[in-house]
Amino acid sequence: MLLVNNLSFSRNGVKIFDDINLSINNGQIIQIKGKNGSGKTTFLKVILNILEPESGEIFWKGKKIKKNLFNFYNETTFIMDKNTSTKNLTVLDNLNFLKELSSSQLSYDKVLLLLETFNIQQYKNTKTMYLSAGEIKKLELLRLVFEQKKIWILDEPYNHLDERSIEILNQTFIDHTKKNGLIIFASHYEPKINNLEVINFF
């Protein structure tokens with residue numbers, strides 16, 4: 001369980017969010033929804049201990065995250081709304097690097113199948129700098145499968161995705177929760193997923 005207790009954050013004297021309380025169990029999907037500038041990304045960064053809250057605490061498995069950061073990060077995949085792939089490397093080279101970094105046991109055939117699922121197999125030998133925003137987003141999202149972590153935290157995961165890719169991502173989310181995974185994502189887009197709990201940031 002991830003527990004957010006009375007979390008508040010201010011920037012330059014301006015209150016971004018105040019007294020947020022949230023309890024997220026395994027097998028649950030939480031969406032942080034709101035317009036641009038409403039504090040969605042900031043909230044995710046505070047949860048991840050990237051930003052310091054003004055007040056409040058965050059607990060993971062009954063312990064304060066600050067005192068349990070290694071274990072928390074070891075079980076968390078965070079995908080931001082920015083490209084983290086190396087532009088001068090091909091799609092396959094980027095995935096091979098990720099495979100080594102995450103000690104993934106995925107076979108080469110499985111990697112190719114994932115590329116085919118997201119319809120980017122034709123770009124496997126193409127440098128990332130030549131991909132479209134949607135193709136780069138798909139490449140970023142493959143980290144979810146490679147890293148195989150319990151907690152998924154994503155910022156605007158649906159940006160630049162076509163309808164088919166949105167359906168694939170929705171199913172990926174559902175499959176993860178069936179394995180007792182926990183998902184928090186920030187987005188202005190509300191996907192059609194059963195049992196999705198939406199928290200509005202205004």
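Which residue in β8 is the bridge partner of isoleucine 153? In this predicted model, the partner is isoleucine 184. That pair is a good place to enter the sheet, and the paragraphs below work outwards from there.

The sheet is open and has five strands, arranged in the order β6-β7-β8-β3-β9 with parallel pairing. At its edges lie β6, covering residues 76–79, and β9, covering residues 196–200, and each of these pairs on one side only. Neighbouring strands are turned against each other by 15° on average, with direction ignored. As a general reminder, the strands of a sheet pair through backbone hydrogen bonds, and they can do so in a parallel or an antiparallel way.

The pairing can be followed from one edge to the other. Strand β6 runs parallel to β7, and four bridges join them; here isoleucine 79 stands opposite leucine 154 of β7. Leucine 154 also faces the next strand, standing opposite phenylalanine 185 in β8. Between β7 and β8, which run parallel, there are five bridges. The next step leads from β8 to β3, a parallel pairing over four bridges, in which isoleucine 29 stands opposite isoleucine 183 of β8. Finally, β3, made of residues 29–33, is joined to β9 by five bridges, and these two strands also run parallel. In this last pairing, isoleucine 32 has isoleucine 199 of β9 as its bridge partner.

How much of strand β7 is buried? Five of its five residues are, so β7 is largely enclosed by the rest of the structure. In a regular strand, side chains alternate between the two faces of the sheet. For β7, both faces are covered: Ile151, Ile153 and Asp155 are buried on one side, and Trp152 and Leu154 are buried on the other. Strand β8 is mostly covered as well, with five of its five residues buried. One side of β8 carries Leu182, Ile184 and Ala186, while the other carries Ile183 and Phe185, and all of these residues are buried. The opening pair, isoleucine 153 and isoleucine 184, can thus be placed within these two strands: Ile153 is among the buried residues of β7, and Ile184 is among those of β8.

A helix accompanies these strands. Helix α7, residues 163–178, packs on the sheet and touches β3, β7 (151–155) and β8 (182–186). The direction of α7 makes about 145° with that of β8. Together, β7, α7 and β8 make a right-handed β-α-β unit.

One residue of this helix, threonine 177, deserves a closer look. Is threonine 177 buried or exposed? With a relative accessible area of 14%, threonine 177 counts as buried because this value falls under the 20% limit. A polar atom of the threonine 177 side chain lies 2.7 Å from the backbone oxygen of isoleucine 174. Leaving aside residues up to four places away in sequence, threonine 177 touches Gly27, Gln28, Ile29 and Ile183. Two of these names have already appeared in the sheet, where isoleucine 29 stands opposite isoleucine 183 in β8.

Definitions and conventions
Residues are numbered from 1 along each chain as its sequence is written. This is a predicted model: local features need pLDDT of at least 70, side-chain atom pairs count only at pLDDT 80 or more; totals for chains, interfaces and linings use all residues. Side-chain values use heavy atoms; hydrogens and water are left out. Two strands pair if DSSP finds at least two bridges between them. Axes are lines fitted to C-alpha atoms, for helices over the stretch in contact, and angles run from 0 to 180 degrees between N-to-C directions. Contact means heavy atoms within 4.5 Å. Buried means under 20% relative accessible area, exposed over 50%, partly exposed in between (1.4 Å probe, protein chains only). A polar contact is a pair of N or O atoms within 3.5 Å; within protein, one must be able to donate a hydrogen and the other to accept it, and residues adjacent in sequence count only if both atoms are side-chain atoms. A crossover is right-handed if, with the strands pointing away from the viewer, the path from the first strand over the helix to the second runs clockwise.
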